Amino acid sequence: MSLYRRAANHAWRMVAVLALAVLLVVVVDRIYGHSTIAFAAAILLLIIANTPMLRFNCTRCGKNVFFRGVFVVLWPNRICTRCGEDIDDQLPKNVGG
Ligand SMILES: [Zn+2]
């Protein structure tokens, strides 16, 4: 599986965790009333769930595939923004010519 595919899978996992975090806040809000603790827990959950993101780096230059310049986005780059490496295809291209 290519780096892009794994990074995209991680992005989908984050969507699921985000839905879970929103659900947590809404449920706590309905049962106990407005709670900043539930909100903080949801944020913490998102940060912890997102830590594997830091491992998805370009195989050629090491740039993180979730970064667009200085901005972090939810979806990974298919082409590296720094060196132009095709992240969806880790096999070397134009081998022998
Ligand atoms: Zn690169």
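In this predicted model, Val-28 counts as partly exposed, because 17 C-beta neighbours fall inside 10 Å and a buried residue needs 20 or more. Val-28 belongs to helix H1, which covers residues 3–32. Beyond neighbours within four places in sequence, the contacts of Val-28 are Ser-35 and Ala-38. Ala-38 lies in the range of helix H2 (36–49). Glu-85 is remote from this site: 57 residues separate Val-28 and Glu-85 in sequence, and their C-alpha atoms are 45 Å apart.

Helix H1 comprises 30 residues. From first C-alpha to last, H1 reaches 43 Å, close to the 44 Å expected at 1.5 Å a residue. Buried positions in H1 are Leu-3, Ala-7 and Ala-21. An α-helix has 3.6 residues a turn, so residues three or four places apart point the same way. The buried residues of H1 pack against H2. Just after H1 comes Gly-33, with a positive phi of about 90°.

Two of the buried H1 residues, Leu-3 and Ala-7, also take part in the largest nonpolar core. This core has eight residues in all. The other members are Phe-56, Cys-58, Val-65, Phe-66, Cys-80 and Ile-87. Within this set, Cys-58 is in contact with Val-65, Cys-80 and Ile-87, leaving aside neighbours within four places in sequence. On the same basis, Cys-58 also contacts Lys-63, Arg-82, Cys-83 and Glu-85. Glu-85 thus appears twice: in contact with Cys-58, and 45 Å from Val-28, C-alpha to C-alpha.

Technical notes: Residues numbered from 1 in each chain as written. Predicted model: local features only at pLDDT ≥ 70, side-chain atom pairs only at ≥ 80, totals over all residues. Helix = DSSP H or I, 4+ residues; strand = E, 2+ residues; numbered from the N terminus. Buried ≥ 20, exposed ≤ 12 C-beta atoms within 10 Å, placed from the backbone. Contact = placed C-beta atoms within 7 Å. Expected span 1.5 Å × (residues − 1). Core = buried A, V, L, I, M, F, W, Y, C linked by C-beta atoms within 7 Å.
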